[in-house]
Amino acid sequence: MSQPCPRTLFRTRIKFCGFTRPGDVRLACELGADAIGFVFAAGSSRRVAAEEARAMRQALAPLVDAVALFMDNPVDEVREVVRQVRPSLLQFHGNEDDAFCRAFGVPYLKAIPMGGELADQHPSALHTRYPGAAGFLFDSHAKGSSGGSGKTFDWTRIPVGVQKPFVLAGGITPENVFEAILATLPWGVDVSSGIESAPGLKDGDKMRHFVEEVRRADCHVD
Ligand SMILES: O=C(O)c1ccccc1NCC(=O)[C@H](O)[C@H](O)COP(=O)(O)O
């Protein structure tokens with residue numbers, strides 16, 4: 001007889017990012033995603049207009065967060081997305097400072113670039129620099145470069161003792177998410193390329209497999 005899953009009080013949150021089609025949003029919610037991300041960063045192959053994101057936001061199931069992702073966008077662009085899309089969380093990948101990130105009255109995650117030369121990654125430096133952040137997202141891109149590359153970074157570089165929830169991102173796939181969770185014990189995991197058939201086009205089988213692997217990690221006991 002198989003062992004029942006141990007009941008823990010914690011489960012790893014799942015954010016799927018880079019949606020361009022309302023049907024994919026609906027399916028992701030049914031499969032158990034906790035948050036759905038829309039990319040507004042200039043030059044991204046997953047970039048959507050505020051009007052498109054607004055339509056996808058309406059496809060969101062209750063109790064699922066809508067996350068708006070930016071990278072050094074002008075303040076008016078961010079304001080317009082917030083007005084039209086009503087995201088419950090913002091995610092900033094560029095050189096935005098705490099004052100900028102807080103200016104929209106919406107909780108925010110600050111993405112910390114973990115590729116290339118590391119800067120600001122010491123826990124106390126992160127807290128000092130972004131006191132208003134709801135949490136941090138460690139991603140594989142280098143400072144100034146775009147994310148969503150499907151590449152991992154060296155998880156041992158994640159600072160020890162971060163006092164806020166952190167999300168692991170960058171090259172996470174259905175095949176490595178189990179190992180990634182056990183290695184880093186994140187608050188949540190974020191994936192874009194690893195659940196796609198092409199940039200912006202999500203794959204139902206990959207999303208399902210990803211969620212199954214996260215649940216398996218959450219039930220795992222050494
Ligand atoms: O997705 C983009 O094109 C993008 C552009 C600029 C900054 C960030 C971007 N994406 C970030 C994400 O989608 C996720 O936070 C994360 O990096 C996951 O990406 P992936 O490695 O593709 O799983």
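In which sense, parallel or antiparallel, do strands β6 and β7 pair, and over how many bridges? β6 and β7 pair in the parallel sense over three bridges. The structure is a predicted model, in which local features require pLDDT of at least 70 and side-chain atom pairs count only at pLDDT 80 or more, while totals for chains, interfaces and linings use all residues. Residues are numbered from 1 along each chain as its sequence is written.

**Strand pairing**

Helices (H or I, at least four residues) and strands (E, at least two) are DSSP runs, numbered from the N terminus. Two strands are said to pair if DSSP finds at least two bridges between them. Strand β5, covering residues 108-115, runs parallel to β6 and is joined to it by six bridges. One of the paired positions is Gly115, whose bridge partner in β6 is Ala142. On the pairing of β6 with β7, Phe136 has Phe166 in β7 as its bridge partner.

Strand β7 (residues 166-169) also pairs with β8, in the parallel sense and over three bridges, and here Val167 stands opposite Gly188 in β8. Strand β1, residues 13-17, runs parallel to β8 as well, with four bridges joining the two. In this pairing Phe16 has Val191 of β8 as its bridge partner.

The connection from β7 to β8 involves helix α6 (residues 177-184), and the three elements make a right-handed β-α-β unit. Right-handed here denotes a path from the first strand over the helix to the second that runs clockwise when the strands point away from the viewer.

**Burial in the strands**

A residue is buried if 20 or more other C-beta atoms lie within 10 Å of its own, exposed if 12 or fewer, and partly exposed in between, with C-beta atoms placed from the backbone. Because six of the eight residues of β6 (residues 135-142) are buried, this strand is largely enclosed by the rest of the structure. In β8 (residues 188-191), Gly188 and Asp190 point one way and Val189 and Val191 the other way, and all are buried.

The following residues illustrate the range of environments.

| Residue | Location | Other C-beta atoms within 10 Å | Class |
|---|---|---|---|
| Phe166 | strand β7 | 22 neighbours | buried |
| Ala142 | strand β6 | 14 neighbours | partly exposed |
| Asp72 | loop between β3 (65-70) and α3 (75-85) | 13 neighbours | partly exposed |
| Leu185 | loop between α6 and β8 | 13 neighbours | partly exposed |
| Pro107 | loop between α4 (98-102) and β5 | 16 neighbours | partly exposed |

**Contacts of individual residues**

Two residues are in contact if their C-beta atoms, placed from the backbone, lie within 7 Å. With residues up to four places away in sequence left out, Phe166 touches Gly135, Phe136, Leu137, Phe138, Pro186 and Trp187. Phe166 and Pro186 are 20 residues apart in sequence, and their C-alpha atoms are 5.8 Å apart in space.

Ala142, with its neighbours within four places in sequence set aside, is in contact with Pro113, Gly115 and Gly116. Its C-alpha atom is separated by 27 Å from that of Ala53, which is 89 residues away along the chain. Pro107 touches Leu89 and Ala134, not counting residues up to four places away in sequence. From Pro107 to Leu126, 19 residues apart in sequence, the C-alpha to C-alpha distance is 16 Å.

**Backbone at two loop residues**

Asp72 is not a glycine, yet its phi is positive at about 55 degrees. Leu185, likewise a residue other than glycine, has a positive phi near 45 degrees.

**Nonpolar core**

A nonpolar core is a set of buried Ala, Val, Leu, Ile, Met, Phe, Trp, Tyr and Cys residues joined through C-beta atoms within 7 Å. The largest such core has 55 residues, of which Phe16, Ile36, Phe38, Ala68, Phe136, Leu137 and Val189 touch the most other members. For Ile36, the contacts are Phe16, Phe19, Val25, Ala28, Leu60, Val64, Ala66 and Val67, residues up to four places away in sequence not being counted.

**Ligand surroundings**

A residue is assigned to the ligand shell if its C-beta atom, placed from the backbone, lies within 6 Å of the molecule. The ligand is surrounded by 24 residues, and the closest are Ser44, Gly147, Gly148, Ser192 and Ser193. By class, this shell comprises eight nonpolar, 13 polar and three charged residues. In this scheme Ala, Val, Leu, Ile, Met, Phe, Trp, Tyr, Cys and Pro count as nonpolar, Asp, Glu, Lys and Arg as charged, and the others, Gly among them, as polar.
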